[in-house]
Amino acid sequence: MSVKRTAAIAGVSGGSRQLKQSKLSFGSSASTSRNHKPRPRIASEGPRDNSMTATINPTNAADSEKELPAQPDQSRKVVTATHDQTDNRTRSETALSPISPNQPQTQPPNPPTPSPNPSKIHITDKIGDLFAGPPNTLLIHACNTLGSWSGGIALAFRKHYPAAFRLYRSHCAGATPDQLRGTALLIPPQRGDRKADGPAAVPHYIGCLFTSRRYGRTRDSPAQILQATEPAMRHLLRLVAAEGREVGEVRMCRVNSGLFGVPWEESKAVMEGMELGVGEGGVEVVAYERE
Ligand SMILES: Nc1ncnc2c1ncn2[C@@H]1O[C@H](COP(=O)(O)OP(=O)(O)OC[C@H]2O[C@H](OP(=O)(O)O)[C@H](O)[C@@H]2O)[C@@H](O)[C@H]1O
C-alpha cells in the first residue's frame, strides 16, 4: 500500500464528504447503531477544507529537544492511510494536523447537556484485557514512527491484527519520523485480521499515537513523548470524528508507560488536561493494565 499525497476517500464522489454529519459515539453504552444516541461531534472544527490535497510539514527534523509549536501552522496537514473493511480497498484521507488545534470553532445552537467534564477526556483505570472489547471498540496505543511493533503491547497488537500492522508499517514508510511525531493513525477493522491459525479477530479500530520518533535507546525523552501525546491524541479524535462510523468503547493501554518509560500518571494527566473545545463533548476512555 502506498500513502498517496493526493488523497481520495473511497466511495465519495467529487472529493467531498459531509463531515458535519459524522455520527460519533464514545463509551460503552453506544457500541451499536441500534442503541446509538447522537452526541456532540468530537471534532467541531468549523468549515473543513475538504480538498483532497494533503501536505506534510515536518515538526522539526534536526532539533530533538525543540518544543512542538505552541501556535498552529494552519497549512499543516497529514495524510492518514486507512483500510476499508467493507470493500477491502485501501484509502487515504486528509486530516488536519493535531498540531493545528485552533481551527475556527462552530458554536452549536444548543450547547451540549452539561456533564462532569463536558469537554474533557476522562480516563478510568482498569485491570483486564485490552483486547477483549466488543466489536467496534477503539484500542489506542503508543507507537514509534519507524514501522515497528516489535515489543511490549505493540507486539500483541501485531499478533492480533497482522493486517492492521501492515497498514501501520506502510504509513510509517510514507513519512519521516519528524512528520509523524505528534500525529495519529486510525486503522478501521480489517477483514483479513486473524491470529496465526486462529479465528477472525473481533473487528476493532486501532488508534496509533505517534508519541516518540524512535524506540529503544534512541527513543525520545520523556518530556518530548509527553509533549507529543496531546497533539497525537487530539489528532486521533479528529480522525475518529471524520471516520463517520460507529465507534463504541474507547480503550487504551497505559500509553508510554512501558518501553517508552514515561510514568502513566503523567501521560494520563496530559490527556485529561486537554480542552476539547465547545461542542465536542467529553470522551470516556478506559485504560487497561493487564493482571
Ligand atoms: N502483551 C501485553 N498485554 C497487555 N498489556 C501489555 C502487554 N505488553 C505491555 N503491556 C502494557 O502496555 C502498557 C504500555 O507499555 P508498552 O511497553 O507496550 O508501550 P509504551 O507505550 O511504553 O511504548 C511504546 C513502544 O513499545 C513498542 O515496542 P517497540 O518499540 O516496537 O519494540 C511500540 O512499538 C513502541 O515503540 C504498559 O502498561 C504495559 O504494562
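Two residues are taken to be in contact if their C-beta atoms, placed from the backbone, lie within 7 Å. In this predicted model, and leaving aside neighbours within four places in sequence, Tyr168 is in contact with Cys143, Gly147, Trp149, Leu185, Ile187 and Cys208. Tyr168 also belongs to the largest nonpolar core, which has 55 residues and in which Tyr168, Ala184, Leu209 and Leu236 touch the most other members. Helix α4, residues 222–243, supplies the largest share of this core, namely eleven residues. In soluble globular proteins, nonpolar side chains tend to be buried together.

**The sheet**

Six strands form an open sheet in the order β3-β8-β7-β4-β6-β5, with mixed pairing. The edges are held by β3 (121–127) and β5 (184–187), each of which pairs on one side only. On average, and with direction ignored, neighbouring strands of this sheet are turned by 25° against each other. The table sets out three of the strand pairs together with residues that stand opposite one another.

| Strand pair | Bridges | Direction | Opposite residues |
|---|---|---|---|
| β3 and β8 | seven | parallel | Ile123 and Val285 |
| β7 and β8 | three | parallel | Arg251 and Val286 |
| β4 and β7 | three | parallel | Leu139 and Arg251 |

Arg251 thus appears in two of these rows: Arg251 in β7 stands opposite Leu139, and the bridge partner of Arg251 in β8 is Val286.

**Helices against the sheet**

Two helices can be placed relative to these strands. Helix α1 lies across β4, β6 (205–210) and β7, and runs at about 130° to β4. Helix α5, residues 264–272, lies across β3 and β8 (283–289), with a direction of about 150° to β3.

**The shell around the ligand**

Which residues are the closest to the ligand? Of the 23 residues that surround the ligand, the closest are Gly151, Gly152, Ala154, Tyr215 and Gly258. The elements that give two or more residues to this shell are β4 (138–143) and α1 (152–160), and of the elements α1 gives the most, with four residues. Sorted by class, the shell comprises twelve nonpolar, eight polar and three charged residues.

Taken together, β4 and α1 link the sheet to the ligand shell: α1 lies across β4, and both elements give two or more residues to the surroundings of the ligand.

Technical notes. Residues are numbered from 1 along each chain as its sequence is written. This is a predicted model: local features need pLDDT of at least 70, side-chain atom pairs count only at pLDDT 80 or more; totals for chains, interfaces and linings use all residues. A residue is near a molecule or strand if its C-beta atom, placed from the backbone, lies within 6 Å of it. Ala, Val, Leu, Ile, Met, Phe, Trp, Tyr, Cys and Pro count as nonpolar, Asp, Glu, Lys and Arg as charged, and the others, Gly among them, as polar. A nonpolar core is a set of buried Ala, Val, Leu, Ile, Met, Phe, Trp, Tyr and Cys residues joined through C-beta atoms within 7 Å. A residue is buried if 20 or more other C-beta atoms lie within 10 Å of its own, exposed if 12 or fewer, and partly exposed in between; C-beta atoms are placed from the backbone. Two strands pair if DSSP finds at least two bridges between them. Axes are lines fitted to C-alpha atoms, for helices over the stretch in contact, and angles run from 0 to 180 degrees between N-to-C directions.
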